[in-house]
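Me: I am in my first year and should like to learn how to read one part of a structure closely. Please take the model shown here and choose a sheet together with the helices that lie across it.

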Amino acid sequence: MEIIRLFCIVGKTGTGKSTYLNKILEDKEFLKAHNLSNLVYGTTRKKRNGEIDGVDYHFLSKYDYKQIPINSLIEFRSYYTLNDGTIYYFTKEDYLTNGNIICITSPYQYESYKNWIIKENLKSEITNKTYRLYLIDLNMDLKKRINRLVSRADSDDDVYE
């Protein structure tokens with residue numbers, strides 16, 4: 001039986017999720033030793049400078065996103081932006097089928113993954129795969145998070161998505 005582990009770094013905006021994930025992803029020996037890779041989400045937003053399709057995100061058009069069967073999406077969410085209108089982020093089932101995976105998630109996404117894993121583990125006799133979910137919970141007080149977000153607003157990224 002193949003065991004697939006999903007490690008979720010969970011926290012609200014500004015808690016340092018990306019910082020922790022990037023430190024882990026820098027350690028190539030650790031990743032290789034534990035067959036660990038970063039989860040690449042799907043999105044309909046435009047690529048930013050330097051982003052690579054399939055590495056940073058799976059970039060899809062809004063039309064292609066709407067063609068995805070709903071039962072193959074583990075979770076999805078939308079945001080309204082001033083420049084591009086509604087953009088979507090999502091996780092398809094086939095993004096979680098190989099090796100051990102680490103990712104950044106919101107509490108909502110974590111619950112979606114948990115529910116999906118329960119469903120998949122019920123099918124483990126047929127699929128010969130079982131999933132394990134691990135929570136890495138980052139908590140930080142609101143004042144510190146707000147200070148981080150304000151300092152981040154000076155960057156070129158669209159932090160107000």
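In strand β7, which residue is the bridge partner of Phe 7, and how does helix α4 lie across β1, β7 and β8?

Reply: Please note at the outset that this is a predicted model. The bridge partner of Phe 7 in β7 is Ile 102. This pair belongs to the contact between β1, residues 2-10, and β7, residues 100-105. Five bridges join these two strands, which run parallel.

The wider setting is an open sheet of four strands, in the order β2-β7-β1-β8, with parallel pairing. At its edges stand β2 (36-38) and β8 (129-137), each of which pairs on one side only. On average, neighbouring strands of this sheet are turned by 25° against each other, direction ignored. As a general point, strands of a sheet pair through backbone hydrogen bonds, either parallel or antiparallel.

Two helices may now be added to the picture. Helix α1, made of residues 17-26, lies across β1, β2 and β7 and runs at about 160° to β7. Helix α4, made of residues 107-122, lies across β1, β7 and β8, and its angle to β8 is about 160°.

Helix α4 merits a closer look. Its 16 residues, at 1.5 Å a residue, should span 22 Å, and its end C-alpha atoms are 23 Å apart, which agrees. The buried residues of α4 are Gln 109, Tyr 110, Ser 112, Tyr 113, Trp 116, Ile 117 and Glu 120. Seen down the axis of α4, these buried residues fall within an arc of 160°, so they line one face of the helix. The general rule behind such a pattern is that an α-helix has 3.6 residues a turn, so residues three or four places apart point the same way. The cover over the buried residues of α4 includes the sheet strands β1, β7 and β8. It also includes β5 (73-81), β6 (85-92) and helix α5 (124-127).

Finally, two loops that lead into the edge strands deserve attention. Asn 35 sits in the loop between α2 (28-33) and β2, and its phi is positive, about 45°, although Asn 35 is not a glycine. Asn 128 lies in the loop between α5 and β8; its phi is near 60°, again a positive value in a residue other than glycine. Asn 128 counts as partly exposed because its relative accessibility is 44%, and the partly exposed class lies between 20% and 50%.

Notes: Residues are numbered from 1 along each chain as its sequence is written. This is a predicted model: local features need pLDDT of at least 70, side-chain atom pairs count only at pLDDT 80 or more; totals for chains, interfaces and linings use all residues. Side-chain values use heavy atoms; hydrogens and water are left out. Two strands pair if DSSP finds at least two bridges between them. Axes are lines fitted to C-alpha atoms, for helices over the stretch in contact, and angles run from 0 to 180 degrees between N-to-C directions. Contact means heavy atoms within 4.5 Å. The expected span of a helix is 1.5 Å times one less than its number of residues. Buried means under 20% relative accessible area, exposed over 50%, partly exposed in between (1.4 Å probe, protein chains only). The arc is that of the directions from the helix axis to the C-beta atoms.
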